[in-house]
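Here are a few exercises to work through with the model open beside you. Try each task before reading its solution.

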Amino acid sequence: MLDIFKKHITKFAQVSDDEFEEIKKFFDTKEVAKKENLLEEGQICRHYYFVLSGLLRKFYINEKGTEQTTEFAIETWWLTDNFAYENQVRTEFYIQAVEKSIVLYITQDKQEKLLKEFPVMERYFRFIYQRAYAAAQKRIKFLFSFSKEEFYFQAVRNHPEFVQRVPQYLIASYLGFTPEYLSEIRKRLLS
């Protein structure tokens with residue numbers, strides 16, 4: 001299973017087999033049950049998660065008491081509350097398994113040691129952060145540029161397998177509308 005992580009690293013940085021054997025010692029693995037929380041609001045965010053298998057989501061509970069999903073992570077994606085992780089402060093978010101999942105995780109201390117011992121991993125994480133930032137920018141643009149309906153159609157067009165995999169109420173939460181409204185949009189799409 002760690003071959004998934006090694007392949008992902010080699011997309012952005014070159015590491016030898018011997019280097020990877022040492023790099024993987026900085027990470028721990030965890031099996032996560034469906035609906036299990038890896039992080040809860042109010043906790044210090046101590047881990048950065050890499051999904052080996054399964055599906056995670058990050059969400060917060062808004063002033064109305066409704067869960068608002070802000071991010072998903074499928075295989076080979078990273079997920080954390082970046083601000084809380086970098087500053088080692090309490091988070092305002094939850095990270096939860098949508099499906100039974102297996103994740104690699106690293107603490108900030110271990111990540112710092114990893115980067116000192118293997119500078120090539122600086123390049124790897126730089127690409128990871130750049131891609132995450134670009135995805136966030138694109139989502140913001142979509143939020144301001146498209147109607148909710150168009151936003152959903154973009155998601156279906158760009159990530160059909162993802163839309164099929166994620167429960168509809170979570171898609172609605174991510175897109176910022178009710179499950180009932182999503183049902184109406186889907187009915188119109190089918191007719």
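A residue counts as buried under 20% relative accessible area, exposed over 50% and partly exposed in between (1.4 Å probe, protein chains only). This is a predicted model, in which local features need pLDDT of at least 70 and side-chain atom pairs count only at pLDDT 80 or more, while totals for chains, interfaces and linings use all residues. Numbering runs from 1 along each chain as its sequence is written, and side-chain values use heavy atoms, without hydrogens or water.

**Exercise 1.** Find Phe144 and decide: is Phe144 buried or exposed?

*Solution.* Start with helix α5, residues 120–145, where Phe144 sits. (Helices are DSSP runs of H or I with at least four residues, strands are runs of E with at least two, and both are numbered from the N terminus.) Next, check the area: Phe144 has a relative accessible area of 73%, so it's exposed.

**Exercise 2.** Work out which side of each cut-off Lys35 and Gln88 fall on, then look at their phi angles.

*Solution.* Take Lys35 to begin with, in the loop between β1 (28–32) and β2 (37–39). Its relative accessible area is 52%, so Lys35 is exposed. Its phi is near 75°, a positive value in a residue other than glycine.

Now go to Gln88, in the loop between α3 (82–87) and β7 (94–97). With 28% relative accessible area, Gln88 is partly exposed. Phi is positive here too, near 50°, and Gln88 isn't a glycine either.

**Exercise 3.** Which residues of helix α8 are buried, and what do they pack against?

*Solution.* Walk along α8, residues 168–175: Leu170, Ile171, Ala172, Ser173 and Leu175 are the buried ones. Then look for contacts, meaning heavy atoms within 4.5 Å. The buried residues of α8 pack against strands β4 (56–61) and β5 (67–73), plus helices α6 (148–158), α7 (160–165) and α9 (179–190). Finally, step just past the end of α8, where Gly176 has a positive phi of about 85°.

**Exercise 4.** Which arginines lie over the faces of Phe59 and Tyr174?

*Solution.* First, the rule: NZ of Lys or CZ of Arg must be within 6 Å of the ring centre and within 35 degrees of the ring normal. For Phe59, the partner is Arg57, at 3.8 Å from the ring centre. For Tyr174, pick Arg139, which lies over the face at 4.0 Å from the ring centre.
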